[in-house]
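Please open the structure in your viewer and keep the sequence panel visible. The tour below proceeds from the whole chain to a single residue.

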Amino acid sequence: AFFINQWNLIMINPEITLAEVKKHLAITHTVNDDYISSLIPTAITNVEDTIDRSLDDVKCINENGELKAPLRQAILLMIGSLYDYRGSQQAEQIYDNPAFERLISKYRRMGV
């Protein structure tokens, strides 16, 4: 699905919904809905920054104009990490998620 942004550019809309994120996180309560919703654009921006390309890039969308499944899953994993590690202090060490890296690796723009 596409949408027109404030600059009148056609952009991909990954349509990651609160319901989808809560299902991914196995959350049934509504206490943190506003916070979880705020993580969606943050995770999308993080994935775009990490792969150094917009999600509306032809490499990131399938023939139906939808975000490719690995990138969609990477966004959900990023939201999970942001949700789980939202405190400033952690009792345990935080590690990068190798699944996230594998999901986005083929979409990463390689520069010089």
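The stops that follow cover the overall fold, the surface, the nonpolar core and one helix position.

Begin with the whole chain in a cartoon representation, bearing in mind that this is a predicted model. The protein contains four helices and two strands. Traced along the sequence, these elements appear in the order β-β-α-α-α-α.

Next, display the molecular surface. The accessible surface of the protein amounts to about 7,300 Å², and carbon and sulfur atoms account for 52% of that area. Of the 112 residues, 31% count as buried. If contacts are drawn between residues at least 6 apart in sequence, 59% of them join residues at least 24 apart.

Now hide the surface and select Val21, Val47, Leu55, Leu71, Ile75 and Ile79 as sticks. These are the residues with the most contacts inside the largest nonpolar core, which has 25 residues. To see where the core comes from, colour helix H1 (18-25), helix H2 (33-51), helix H3 (69-84) and helix H4 (98-105); each supplies at least two residues of this core. Helix H3 provides the largest share, with eight residues.

Remain on helix H3 and select aspartate 84, which lies in this helix. Is aspartate 84 buried or exposed? Aspartate 84 counts as exposed because its relative accessibility is 54%, and the threshold for that class is over 50%.

For the last stop, add leucine 25 to the selection and draw a C-alpha to C-alpha distance to aspartate 84. The two residues are 59 positions apart in sequence, and their C-alpha atoms are 9.4 Å apart in space.

Note on methods: Residues are numbered from 1 along each chain as its sequence is written. This is a predicted model: local features need pLDDT of at least 70, side-chain atom pairs count only at pLDDT 80 or more; totals for chains, interfaces and linings use all residues. Side-chain values use heavy atoms; hydrogens and water are left out. Buried means under 20% relative accessible area, exposed over 50%, partly exposed in between (1.4 Å probe, protein chains only). Contact means heavy atoms within 4.5 Å. Accessible areas come from the Shrake-Rupley method with a 1.4 Å probe; for residues, only the protein chains shown count as cover. A nonpolar core is a set of buried Ala, Val, Leu, Ile, Met, Phe, Trp, Tyr and Cys residues joined through side-chain atoms within 4.5 Å.
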